[in-house]
Amino acid sequence: MIKMAGKKLSRRERIKKGIRKRLTGSESRPRLSVYRSNKGIYAQIINDETGRTLVAASSLSKDFNASGNKSEQSAAVGKLVAEKAIAAGLKEVVFDRNGYLYHGRVKSLADGAREGGLVF
């Protein structure tokens with residue numbers, strides 16, 4: 001079982017490395033990076049030129065209060081990060097799926113961010 005988890009992680013790291021070669025966040029279009037764990041989902045908007053996180057949201061943070069299944073919570077996190085980004089003056093971002101398949105919770109977060117007003 002441990003070997004299988006290691007294979008999946010190394011596969012995701014390879015995919016992530018390939019994506020990150022082509023994808024960077026700038027001042028005008030920062031990067032919306034997604035990380036998911038078994039318990040929660042996290043989203044950050046990052047300016048790669050300065051290496052700073054501009055906006056962050058998580059399903060495990062104290063200001064988050066949505067119920068439902070994990071996909072519904074992911075959509076709510078997407079809307080929350082979009083609200084925070086628009087409040088910070090960010091409208092356009094580059095979506096970084098971080099090596100995960102664009103499917104399930106990652107897709108729900110992206111759709112929620114689009115509904116919240118982010119353009120990518």
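In the predicted model, Tyr 42 has Ser 58 of strand 3 as its bridge partner. This pair belongs to the contact between strand 2 (residues 41–47) and strand 3, where six bridges join two strands that run antiparallel. Strand 1 is also joined to strand 2 by six bridges, and the two again run antiparallel. Here Leu 32 is placed opposite Ile 45 of strand 2. The connection from strand 1 to strand 2 is a hairpin of four residues. Strand 1 pairs with strand 4 as well, in the parallel sense and over three bridges; in this pairing Ser 33 stands opposite Asp 96 of strand 4.

Together, the four strands make up an open sheet with the order 3-2-1-4 and mixed pairing. The edges are taken by strand 3 (52–58) and strand 4 (94–96); each has a single partner strand, so one side of each lacks a neighbour in the sheet. From one strand to the next, the twist averages 20°. In a regular strand, side chains point alternately to the two faces of the sheet.

Two helices lie across the strands. Helix 2 (residues 70–87) crosses strand 1, strand 2 and strand 3, and its direction makes an angle of about 145° with strand 3. Helix 3 (residues 105–116) lies across strand 1, strand 2 and strand 4, running at about 145° to strand 1. Strand 1 and strand 2 are thus among the strands crossed by helix 2 and also among those crossed by helix 3.

Empty space left between atoms can be located by rolling over them a probe the size of a water molecule. The largest pocket of the model has a volume of about 470 Å³. Its lining consists of 15 residues, of which Lys 8, Arg 12, Arg 36, Tyr 100 and Leu 101 are the closest to the pocket centre. Helix 1 (2–22) and strand 1 (31–36) each contribute at least two residues to this lining. The largest share, five residues, is supplied by helix 1. By class, the lining of the largest pocket divides into five nonpolar, five polar and five charged residues. Strand 1 therefore has a part in several of the features described: strand 1 is joined to strand 2 by six bridges, pairs with strand 4 over three bridges and supplies at least two residues of the pocket lining.

Conventions: Residues are numbered from 1 along each chain as its sequence is written. This is a predicted model: local features need pLDDT of at least 70, side-chain atom pairs count only at pLDDT 80 or more; totals for chains, interfaces and linings use all residues. Side-chain values use heavy atoms; hydrogens and water are left out. On a 1 Å grid over the protein atoms alone, a cavity is a set of points where a 1.4 Å probe fits but cannot get out, and a pocket is an open set with protein on both sides within 12 Å along at least five of seven lines; lining residues have an atom within 4 Å of a point. Grid points are joined across faces, edges and corners, and a volume is the space filled by probe spheres set on the points. Ala, Val, Leu, Ile, Met, Phe, Trp, Tyr, Cys and Pro count as nonpolar, Asp, Glu, Lys and Arg as charged, and the others, Gly among them, as polar. Two strands pair if DSSP finds at least two bridges between them. Axes are lines fitted to C-alpha atoms, for helices over the stretch in contact, and angles run from 0 to 180 degrees between N-to-C directions. Contact means heavy atoms within 4.5 Å.
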